[in-house]
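This report considers the salt bridges and the nonpolar surface of one protein chain. The sequence and structure are shown first, and the description follows.

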Amino acid sequence: MIVRIMGEGQVILADGHLAELNRLDDELLAEMENGDGPGFRRTLQALLTRVRDLGEPLPDDSLEPSELILPSPDATLEEVRELLSDDGLIPG
């Protein structure tokens, strides 16, 4: 799966990592619903860090279609709300 972190670039991420990322996504969704700004910020950073750690970066000049688009690390709670689907940021 090709994942884009807005403002950073793309990584290739094995589908086997989705369960772990979905747990973080579920936490993020709950924090957003509860208006927990500090928790939201902490979990967003953790989610993006795991994607960076688990993924293999694509070259900067590569422009592949992204199957998943994640917000930038400095995205606000409101900006992330606009990106959400019923499943959160990560489907499944």
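## Basis of the description

A residue counts as buried under 20% relative accessible area and as exposed over 50%, and as partly exposed in between. Glu 20, at 26% relative accessibility, is therefore classed as partly exposed. The model discussed here is predicted.

## Salt bridges

How many salt bridges does the count come to? The count comes to three, where a salt bridge requires a side-chain nitrogen of Lys or Arg within 4 Å of a carboxyl oxygen of Asp or Glu. They are described below in two groups.

## The pair Arg 52 and Glu 8

Arg 52 is joined to Glu 8 by a salt bridge, and the closest N and O atoms are 2.8 Å apart. This contact links distant parts of the chain, since Arg 52 belongs to helix H2 (residues 37-54) while Glu 8 lies in the loop between E1 and E2, 44 residues apart.

Both partners are partly exposed: the relative accessible area is 32% for Arg 52 and 39% for Glu 8.

## The network around Arg 50

Glu 20 and Arg 50 meet through their side chains in a salt bridge with an N to O distance of 2.6 Å. Here, too, distant parts of the chain are linked: Glu 20 is in helix H1 (residues 18-33) and Arg 50 in helix H2, 30 residues apart. Arg 50 has a relative accessible area of 26% and is therefore partly exposed.

Which residue of helix H2 lies three residues from Arg 50? That residue is Asp 53, and because the two are three residues apart in the helix, about one helical turn separates them. Their side chains form a salt bridge at 3.9 Å, N to O. Through shared partners, the salt bridges join Glu 20, Arg 50 and Asp 53 into one network. Asp 53 has 51% relative accessibility, so this residue counts as exposed.

## A nonpolar surface patch

Met 6, Ile 69 and Leu 83 make a nonpolar surface patch of about 240 Å². Met 6 is located in the loop between strand E1 (2-5) and strand E2 (9-12). The loop between E1 and E2 also holds Glu 8, the partner of Arg 52.

Why can Met 6 take part in such a patch? Patches are made of residues with over 30% relative accessible area and no salt bridge. Met 6 meets the accessibility cut-off because its relative accessible area is 38%, which makes this residue partly exposed.

Note on methods
Residues numbered from 1 in each chain as written. Predicted model: local features only at pLDDT ≥ 70, side-chain atom pairs only at ≥ 80, totals over all residues. Heavy atoms only, no water. Patch = residues over 30% accessible without salt bridge, like charges linked within 9 Å, V, L, I, M, F, W, Y side chains within 5 Å. Areas by Shrake-Rupley, 256 points an atom, 1.4 Å probe, with all protein chains shown as cover. Helix = DSSP H or I, 4+ residues; strand = E, 2+ residues; numbered from the N terminus. Buried < 20%, exposed > 50% of the residue type's maximum accessible area, 1.4 Å probe, protein only.
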